[in-house]
Amino acid sequence: MATLEDCRAALGRLAQNLSAADGDVRSAAALDRSLSCWITDLDVTFTGRLAHGTLEGVTSVPGPPPERAQIRLTMRGDDLVAMVDGELHFAKAWGSGRIKLEAGFRDLLRLRSLL
């Protein structure tokens, strides 16, 4: 089971990957949106902002998301780590319900190349 620090490190790696991306991925990461990622098995939510091609201001709060972010992810800690490490394909995990993504329709279209 992934720990809080494993999840925090995975989000750090994701931020690095986003800042180094190019093409369609870079375009998708250029959104300016609030983001929450609720890690259900740890009952902690990471909040931050997807802006300037990276994740900014990531903090954690206990429990489910305190506010409704523009982009909302829900998953287990192991799935976050596996997804960032390339061991879990986002579309397959989303389709099977392992990962939940809620966002506006336009954001979903832009995010498909990112995830």
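Colleague: Is Trp94 buried, partly exposed or exposed?

Modeller: A good place to start! Keep in mind that we are reading a predicted model. Trp94 has a relative accessible area of 38%, so it is partly exposed, since that class lies between the 20% and 50% limits.

Colleague: Which ring does Trp94 pair with, and how should I read such a pair?

Modeller: A pair of aromatic rings is described by the distance of the centres and the angle of the planes. Here the count comes to one aromatic pair. Phe90 and Trp94 form it, with 5.7 Å from centre to centre and 35° between the planes, which makes the pair tilted. Both residues lie in helix 4, four residues apart, about one turn of the helix.

Colleague: And Phe90, is that residue buried or exposed?

Modeller: Phe90 is buried, at a relative accessible area of 5%, whereas Trp94 is partly exposed.

Colleague: Let's turn to charges. How many salt bridges are there?

Modeller: Searching the whole structure gives seven salt bridges. I would read each one by asking which elements its two residues belong to. One of the seven joins the side chains of Arg13 and Asp85, at 2.9 Å from N to O. Arg13 sits in helix 1 (residues 4-20), while Asp85 is in the loop between helix 3 (77-84) and helix 4 (90-96), so this pair ties together parts that are 72 residues apart in sequence.

Colleague: What is the accessibility of Arg13 and of Asp85?

Modeller: Arg13 is partly exposed at 29% relative accessibility, and Asp85 is partly exposed with 38%.

Colleague: Which residue forms a salt bridge with Arg33?

Modeller: That is Asp107, and the closest N and O atoms are 3.0 Å apart. Arg33 belongs to strand 1 (residues 33-39) and Asp107 to helix 5 (residues 105-114), so the bridge links parts 74 residues apart in sequence. As for accessibility, Arg33 is partly exposed at 24%, but Asp107 is buried at 8%.

Colleague: What does the bridge of Arg72 look like?

Modeller: Arg72 forms a salt bridge with Glu102, their closest N and O atoms being 4.0 Å apart. Arg72 is in strand 4 (residues 71-75) and Glu102 in strand 5 (residues 100-103), so the pair ties together parts 30 residues apart in sequence. In this bridge the arginine, Arg72, is buried, with a relative accessible area of 13%, and Glu102 is partly exposed, with 40%.

Colleague: Now a whole element. How many residues of helix 3 are buried?

Modeller: Seven of its eight residues are buried, so helix 3 is largely enclosed by the rest of the structure. The buried ones are Gly77, Asp79, Leu80, Val81, Ala82, Met83 and Val84.

Colleague: What do those buried residues pack against?

Modeller: They pack against helix 1, strand 1, strand 4 and helix 4. We have already met these elements: helix 1 holds Arg13, strand 1 holds Arg33, strand 4 holds Arg72, and helix 4 holds the aromatic pair of Phe90 and Trp94.

Colleague: Which residue with a positive phi follows helix 3?

Modeller: Gly86 follows helix 3, and its phi is positive, near 80°.

Colleague: One last check. Which elements have the lowest and the highest mean pLDDT?

Modeller: Helix 2 (residues 23-29) has the lowest mean, 60, and helix 3 has the highest, 96. Over the protein chain the average pLDDT is 87, and 88% of the residues score at least 70.

Key. Residues numbered from 1 in each chain as written. Heavy atoms only, no water. Helix = DSSP H or I, 4+ residues; strand = E, 2+ residues; numbered from the N terminus. Buried < 20%, exposed > 50% of the residue type's maximum accessible area, 1.4 Å probe, protein only. pLDDT = per-residue confidence, 0-100. Phe/Tyr/Trp six-rings, centres within 6.5 Å; stacked < 30°, edge-to-face > 60°. Contact = heavy atoms within 4.5 Å.
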